[in-house]
Structure formats: C-alpha cells, structure tokens
Amino acid sequence: MIHTLRAEWTKALTLRSIEGTLAAALLVPPALALASGLAFDGTTAAAMSFPVESHGFETAGFGQPLIILLAALIAGTEYTDGQLRTTLTATPQRGRVLAAKFTVIAAVALLVGILATSAAVLLKHAALGEQGLSFGEFTAGMGWNLVGVAGNYTLIGLIAAAITVLARTFIVTLVVLVPLVLGLTISLLGVIPALKFLPDLAGIQLLTSYPGVGLLDPIPGGIVMATWTALLGVASWLSFRKRDTNG
C-alpha cells in the first residue's frame with residue numbers, strides 16, 4: 001500500500017494542471033480575505049451585524065470549486081490519457097489503487113482547508129486592524145470553524161472523486177458539482193427546502209454561518225455530508241472494480 005500511495009502522490013503533484021489548481025486553492029481564499037479586509041467599512045449596518053469571529057471564514061466557499069476541480073483532476077486525469085491501464089497493470093489490486101487515490105485527495109483537501117483558511121483569517125484580521133482581532137484574541141470557536149472548513153473540503157473532495165470515478169470523466173463532476181457550490185441550490189432553498197439534504201448544502205455551515213435560511217446545523221449537516229461521501233465512495237468502488245477492466 002505504501003508504494004501505491006507514493007505512486008499516486010507523485011502523479012498527483014507532478015501534473016501541471018493539478019499543480020496550478022493546488023496553487024489557486026491555496027492562494028485564492030487568502031487573497032480575497034485580504035482584499036475584503038482592506039475594503040471593509042465597519043460603519044455600515046451589515047458590517048456591524050457580521051460576527052467579528054467569522055471574518056476570513058466567509059472566503060472558504062470560494063475555495064470549494066477549486067477543491068472539486070483538484071479532486072476531479074487527481075481522480076480522473078488517467079481516464080483521458082490511457083494511463084489507468086498502466087496503473088492497473090502495475091497494481092492489479094483495484095481496491096488498493098482507489099483507496100490510495102482517495103487517501104491522497106483527502107490529505108490534499110484537508111491540508112488546503114487548514115492552510116488556506118488559516119491564512120485567510122490571519123490576513124483578514126490584520127487588514128481590519130482595530131476592527132479585527134489580534135492573534136491572542138482568537139477564540140476556540142474560530143478553531144472549531146477551521147476544523148469545519150477542513151472537514152468540508154475533505155468531504156467535498158472525496159465526493160468529487162467518487163463522482164469522477166463513477167462517470168469516468170472529470171467533466172461530469174465539474175458540470176454537476178460546481179454550479180451547486182456556487183449558489184444554485186441555496187438560491188432554490190426557499191422553494192424546495194429538501195435541498196438542504198444535498199451534499200453541497202448539508203455541510204455548508206461547516207464553512208461559515210448562514211443564519212435564517214433553513215440550513216442544517218454544522219454537526220447534523222456534516223453527518224449528512226459524510227453519509228453522501230460514504231455512499232458515493234462505495235458506489236465508485238463497485239464501479240471501479242467491475243467496469244474499468246480496460247482502463
């Protein structure tokens with residue numbers, strides 16, 4: 001398993017498309033947080049009602065599409081260039097190959113969530129100056145929010161990977177998931193309340209608080225999102241084991 005993990009890690013971090021997406025996922029949320037902090041006007045009603053502890057976390061949602069793209073590329077690039085046949089020839093144990101891919105995706109998504117969000121929070125509060133918090137004033141709740149973002153990124157990355165394996169192309173993953181996390185489902189939530197149980201909305205409050213719109217609380221939502229992840233993961237494993245014989 002160690003050799004398979006090393007091979008998947010090497011493949012994941014040596015493709016330019018993946019390297020570029022990874023860099024964007026690490027840089028976009030902090031850059032947006034810094035710009036938001038510099039432009040912040042604390043005298044408006046909206047600004048005064050926004051919890052100071054949430055500053056920086058509001059940019060985590062912009063990282064989700066990049067995590068989806070990153071996971072889809074890691075899971076699906078081999079389908080486009082015929083490399084999967086070589087991979088399965090070298091490692092015939094399909095379950096091991098899929099487990100290694102998913103482990104790499106989960107690890108990358110988790111690290112991006114921690115690093116990008118930490119940088120976003122630090123930069124936002126630094127830019128806010130007296131309107132923000134110093135590092136020593138950061139609260140335990142902010143720490144848990146960071147854990148929530150990392151968990152959300154990990155789960156959405158695994159969901160994207162599972163859909164990619166099921167579809168055998170990353171294009172389907174992008175067409176299905178990216179519009180959802182960019183606001184399609186939350187815009188329809190008032191009309192169709194059951195949408196809150198879809199994976200993108202179930203765990204959205206792990207990123208930051210969305211009060212008053214009828215979403216699941218962070219812990220129940222995280223459980224629902226994890227359930228989606230498990231179901232899609234099992235389905236992708238069954239598909240990968242039986243359907244991808246020819247790579």
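Trainee: Where is Ile186 placed?

Mentor: Ile186 lies in helix H8. The model is a predicted one.

Trainee: Why does Ile186 count as partly exposed?

Mentor: Its relative accessibility is 30%. Buried requires under 20% and exposed requires over 50%. Ile186, at 30%, meets neither condition, so Ile186 counts as partly exposed.

Trainee: Which residues does Ile186 touch, not counting those up to four places away in sequence?

Mentor: Ile186 touches Leu201, Ile204, Tyr210 and Leu215. As for Lys196, 10 residues from Ile186 along the chain, the two C-alpha atoms are separated by 8.0 Å.

Trainee: What makes Lys101 count as buried?

Mentor: Lys101, found in helix H6, has a relative accessibility of 3%. The limit for buried is under 20%, and 3% satisfies it, so Lys101 counts as buried. Leaving out residues up to four places away in sequence, Lys101 touches Glu8, Lys11, Ile74 and Glu78.

Trainee: Ser118 is also found in helix H6. Is Ser118 buried or partly exposed, and how do you know?

Mentor: Ser118 has a relative accessible area of 24%. That value is not under 20% and not over 50%, so Ser118 is partly exposed. Apart from residues up to four places away, Ser118 touches Gly113 and Leu146. The C-alpha atoms of Ser118 and Gly143 are separated by 9.5 Å, with their positions 25 residues apart along the chain.

Trainee: How do H6 and H7 pack?

Mentor: H6 (residues 94–128) and H7 (residues 140–167) pack at an angle of about 145°, and their axes are 8 Å apart. The crossing of H6 past H7 is right-handed. Their contact has 18 nonpolar, 6 polar and no charged residues.

Trainee: What makes Ala160 buried?

Mentor: Ala160, in helix H7, has a relative accessible area of 0%. Buried means under 20%, so Ala160 is buried. Setting aside neighbours within four places in sequence, Ala160 is in contact with Ile68, Ala71, Thr173 and Leu177. Arg94 is 66 residues from Ala160 in sequence and 19 Å from it in space, C-alpha to C-alpha.

Trainee: Which residues touch the most other members of the largest nonpolar core?

Mentor: That core has 57 residues, and the ones touching the most other members are Ile68, Phe102, Val112, Tyr153, Leu177 and Phe240. Helices H2 (16–39), H4 (60–81), H6, H7, H8 (170–188), H9 (199–202) and H10 (218–243) each give two or more residues to it. H7 gives the most, with 12 residues. Beyond its neighbours within four places in sequence, Ile68 is in contact with Ile156, Ala160, Thr173, Leu174, Leu177, Val178 and Val181.

Trainee: What is notable about the phi of Arg168?

Mentor: The phi of Arg168 is near 60°, a positive value in a residue other than glycine. Most residues other than glycine have a negative phi. Arg168 is in the loop between H7 and H8.

Trainee: Why does Arg168 count as partly exposed?

Mentor: Its relative accessibility is 34%. That is neither under 20% nor over 50%, so Arg168 counts as partly exposed.

Trainee: Which elements have the lowest and the highest mean pLDDT?

Mentor: Helix H5 (residues 83–90) has the lowest, 68, and H7 has the highest, 95. Over the chain the mean pLDDT is 88, and 94% of the residues reach 70 or more.

Note on methods
Residues numbered from 1 in each chain as written. Predicted model: local features only at pLDDT ≥ 70, side-chain atom pairs only at ≥ 80, totals over all residues. Heavy atoms only, no water. Axes fitted to C-alpha atoms, helices over the stretch in contact; angles between N-to-C directions. Helix = DSSP H or I, 4+ residues; strand = E, 2+ residues; numbered from the N terminus. Left-handed = near helix turned anticlockwise from the far one by under 90°. Nonpolar A, V, L, I, M, F, W, Y, C, P; charged D, E, K, R; others polar. pLDDT = per-residue confidence, 0-100. Core = buried A, V, L, I, M, F, W, Y, C linked by side-chain atoms within 4.5 Å. Buried < 20%, exposed > 50% of the residue type's maximum accessible area, 1.4 Å probe, protein only. Contact = heavy atoms within 4.5 Å.
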